[in-house]
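Open the structure in your viewer and keep the selection tool ready. Each stop tells you what to pick and what you will find there.

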Amino acid sequence: MASTFDDGRDGLAEIARAWRQGLAPDPALTVSAWADRYRFLSSRASSEAGRYRTDRTPYMRGVMDALSPGSPVRRVVFMKAAQVGATEAGNNWIGYCIHQAPGPFLAVQPTAELAKRLSQQRIEPLIEESPELRSLILPSRSRDSGNTVLAKKFAGGQLVLTGANSAVGLRSMPARYVFLDEVDAYVGDVDGEGNPIALAIARTRTFGHRAKVFLASTPTIKGLSQIEREFEASDQRRFFVPCPHCRHLQWLRFERLRWEACQPSTAAYCCEGCDQPIAEHHKTAMLSAGEWRATAVAADPQCVGFHISGLYSPVGWLSWTDIAREWEAAQGDDAALKAAKNTLLGETWQERGEAPDWQRLYERREEFGPLVPAFGLILTAGADVQHDRIEVDVWAWGRKLRSVLVEHIVLEGDTSRPEVWKALTALLGRTWRHQSGARLGIARLAIDSGDGRSTAAVYAWARRSGAGQVIAIKGVDGFDRSTPVDGPTYVDVSERGRNIRRGAKLWKVSVAVFKSETYRFLRLDRPTDEELATGVHVPDGYVHLPKTVTAEWVKQLVGEQLVTVRDRRGFSKLEWRQMRERNEALDCRVYARAAAWLLGIDRFTDEKFERLEAGLRTAAEEEARSVARPKHSATTPVAPSEWLGQRDAWL
């Protein structure tokens with residue numbers, strides 16, 4: 001063969017080399033062995049720079065080796081706590097495939113922005129610190145290198161990084177390898193084309209038994225968690241470690257981590273065999289002697305699942321004392337407990353899906369008069385479009401997501417006619433008197449793009465109103481707490497008989513996140529007057545309801561319930577189901593909350609809130625001076641457009 005091709009003629013030697021490489025079988029080297037031999041961690045991307053050592057996280061060996069070409073496994077599921085080394089294992093797999101078993105590789109992050117961040121903070125250092133990889137991928141500065149932030153070409157394949165929120169990215173190419181990272185943060189439906197996990201996995205079909213898929217994530221809500229659903233369909237492997245006292249093999253459970261009350265530094269793990277306390281310093285030896293064992297039978301023998309909690313975190317990372325301290329600090333706070341359960345234990349949180357008692361909420365209404373209370377610093381609104389009316393709820397927001405309904409407004413009229421939209425436009429110009437004396441306008445209004453009958457009208461109105469004060473939104477499945485509002489994407493608009501391509505912006509809202517949050521806030525108890533007098537604060541997130549709301553409105557606010565249903569595969573999942581005919585109040589609350597989230601209120605510092613308060617005082621003083629002036633020189637109230645400008649300056 002060499003005499004046929006390697007005869008010195010231009011290009012033939014290279015063709016022969018590529019041909020022989022294509023005939024070569026996949027290497028016997030495992031991913032973990034490759035990482036130990038070739039991988040170097042950069043100080044840019046790791047707290048422990050230097051040669052990668054699988055022995056630092058022995059539990060990752062089984063996960064990585066299941067990703068090796070020599071393993072018959074085609075689908076690897078990893079449900080895990082935060083910061084246990086999963087992403088680095090995925091990066092090792094990427095490096096291995098580039099170097100040892102090249103082929104088209106698709107790596108998916110929750111969003112395109114996170115994909116760029118992964119590339120810059122993890123993939124680029126991976127390539128730069130490994131001479132073998134550096135020689136295979138040309139620098140991005142080189143002409144025709146094929147190396148961009150989201151695409152890395154190499155001999156025999158290409159690495160493409162994309163976001164689960166991009167249908168175009170998910171269907172960009174066939175892929176032999178697919179790495180789906182943090183799948184619980186994915187949207188439930190991407191651009192109306194279906195589940196992003198299914199779309200990505202579909203790219204592997206042409207590779208048959210040679211394809212590999214790796215799904216990894218910290219779980220979120222029981223019944224909504226995609227990684228839990230995948231793990232339950234697998235053989236559910238647990239990492240069994242020996243007791244240093246009796247050698248009993250066991251997988252670590254949180255309930256066996258024990259400590260004295262209010263003394264997390266006394267935390268020790270009690271063996272389920274001999275009940276003797278195991279000190280933290282034994283962990284290194286325990287992990288080195290550990291092994292993965294299946295605890296279930298998978299429906300698909302080519303699918304394996306692994307679960308690891310923070311209890312296995314190696315010495316020097318997350319300690320048992322740290323876990324005990326964080327767990328104690330979270331008591332009494334559902335949001336903190338949920339985060340601890342997800343990130344420390346790698347387990348799902350059981351959401352309380354039953355609707356709060358509407359009668360209790362109705363009875364606790366408060367008298368606010370016509371003024372926005374002092375704690376309300378920003379107004380947002382949510383608009384729900386029906387065929388014969390538009391319902392709008394205006395909410396005021398303060399520190400720690402404390403909120404109060406300012407006004408419930410119904411704009412009657414056929415939504416296929418312009419009159420009702422003119423009334424909605426006029427509402428954007430309204431102001432409400434604040435307790436300080438200033439007047440507040442709507443900082444942002446979120447309007448649902450509807451079920452199809454009113455979508456075109458919503459897009460056209462949002463375009464005319466401008467993107468600063470109005471956003472068109474669409475509710476989607478999924479439970480991404482880190483990015484519950486995603487976008488914008490651009491949609492076509494039909495206006496006055498002409499089609500305007502990409503004429504309006506559309507934001508996608510994970511409505512399940514804000515519905516669960518609203519129900520959690522509605523269950524909070526308000527301190528008594530006596531407690532308030534002694535300095536007890538109203539709980540963070542407390543929802544105030546004014547006396548002006550009706551019983552019907554309150555029933556609508558709690559008109560849905562989180563229920564367990566079975567999907568087509570027979571697995572249980574949670575869905576928000578409407579329990580009564582009308583639920584506009586809940587929808588409008590969710591939309592107004594999404595508008596507040598986009599304004600950044602969740603991330604406001606004390607300094608920002610102080611600037612808002614100072615701005616209101618300044619506006620109130622100006623208002624008072626204008627009232628004191630003679631009538632012929634009186635000024636008009638602050639218009640919303642002016643208030644929006646002041647708001648931006650204060651922020």
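The tour starts with the whole protein and then moves through helices, loops and strands.

**The whole protein**

Show everything as a cartoon. This is a predicted model. It contains 22 helices and 26 strands. Of the 651 residues in the protein, 52% are buried. Now think about contacts between residues at least 6 apart in sequence: 70% of them join residues at least 24 apart. Switch on the surface. The protein exposes about 29,400 Å², and carbon and sulfur atoms supply 50% of that area.

**Helix 3 and its two partners**

Select residues 31–38, which form helix 3. Add helix 5, residues 86–99. The two helices pack at an angle of about 85°, and their axes lie 9 Å apart. That makes helix 3 roughly perpendicular to helix 5, because angles from 65 to 115 degrees count as such. Show side chains at the crossing. From helix 3 come Val31, Trp34, Ala35 and Tyr38; they meet Asn92, Trp93, Gly95, Tyr96 and His99 of helix 5.

Next, add helix 4, residues 59–66. At what angle does helix 3 pack against helix 4? The angle is about 115°, with the axes 7 Å apart. Helix 3 is therefore roughly perpendicular to helix 4. Here Val31, Ser32 and Asp36 of helix 3 meet Arg61, Met64 and Asp65 of helix 4. Val31 takes part in the contact with helix 5 and in the one with helix 4.

**Thr57 and Ala66**

Stay in this region of the chain. Select Thr57, in the loop between strand 2 (50–51) and helix 4. Is Thr57 buried or exposed? It is buried, because its relative accessible area is 4% and the cut-off is under 20%. Leaving out residues up to four places away in sequence, Thr57 touches Tyr52, Val84, Pro314 and Trp317.

Now pick Ala66, in helix 4. Ala66 is buried too, with a relative accessible area of 8%. Try the distance tool between the C-alpha atoms of Ala66 and Phe214. They are separated by 9.5 Å, yet the residues are 148 apart along the chain. Then show what Ala66 touches, again skipping residues up to four places away: Ser71, Val73, Val76, Lys212, Val304 and Phe306.

**Helix 6, with a bend**

Select residues 112–128. This is helix 6, with 17 residues. From first C-alpha to last it reaches 23 Å, close to the 24 Å expected at 1.5 Å a residue. Look along the helix and stop at Ser119. Helix 6 bends there by about 40°.

Which residues of helix 6 are buried? They are Ala115, Leu118, Ser119, Ile123, Pro125, Leu126 and Ile127. As a rule, an α-helix has 3.6 residues a turn, so residues three or four places apart point the same way. Turn the neighbours on. The cover over the buried residues of helix 6 includes helix 5, strand 4 (105–109), helix 7 (131–134), strand 5 (151–154) and strand 6 (157–163).

**Glu182 and Arg502**

Select Glu182, in the loop between strand 7 (177–181) and helix 9 (196–201). Its phi is positive, about 50°, although Glu182 is not a glycine. Glu182 is partly exposed, with a relative accessible area of 22%.

Jump to Arg502, in strand 23 (residues 498–510). Arg502 also has a positive phi, near 50°, and is a residue other than glycine. Arg502 is exposed, with a relative accessible area of 51%.

**A cis peptide bond**

Move to strand 22, residues 485–495, and find Pro488. A cis peptide bond joins Gly487 and Pro488, with omega about 5°.

**Helix 17 and helix 20**

For the last stop, select helix 17, residues 511–522. How many of its 12 residues are buried? The count is 12 of 12, and the helix is mostly covered. At 1.5 Å a residue, helix 17 should span 16 Å, and its end C-alpha atoms are 16 Å apart, which agrees.

Add helix 20, residues 584–599. The pair packs at about 105°, with axes 10 Å apart. That makes helix 17 roughly perpendicular to helix 20. Helix 17 makes the contact with Val511, Phe514, Lys515, Glu517, Thr518, Tyr519 and Phe521. Helix 20 answers with Leu586, Asp587, Arg589, Val590, Arg593, Ala594 and Trp597.

Definitions and conventions:
Residues numbered from 1 in each chain as written. Predicted model: local features only at pLDDT ≥ 70, side-chain atom pairs only at ≥ 80, totals over all residues. Heavy atoms only, no water. Helix = DSSP H or I, 4+ residues; strand = E, 2+ residues; numbered from the N terminus. Buried < 20%, exposed > 50% of the residue type's maximum accessible area, 1.4 Å probe, protein only. Contact = heavy atoms within 4.5 Å. Areas by Shrake-Rupley, 256 points an atom, 1.4 Å probe, with all protein chains shown as cover. Expected span 1.5 Å × (residues − 1). Bend = angle between axes of the 7 residues up to and from the residue. Axes fitted to C-alpha atoms, helices over the stretch in contact; angles between N-to-C directions. Parallel < 35°, antiparallel > 145°, perpendicular 65-115°, else oblique.
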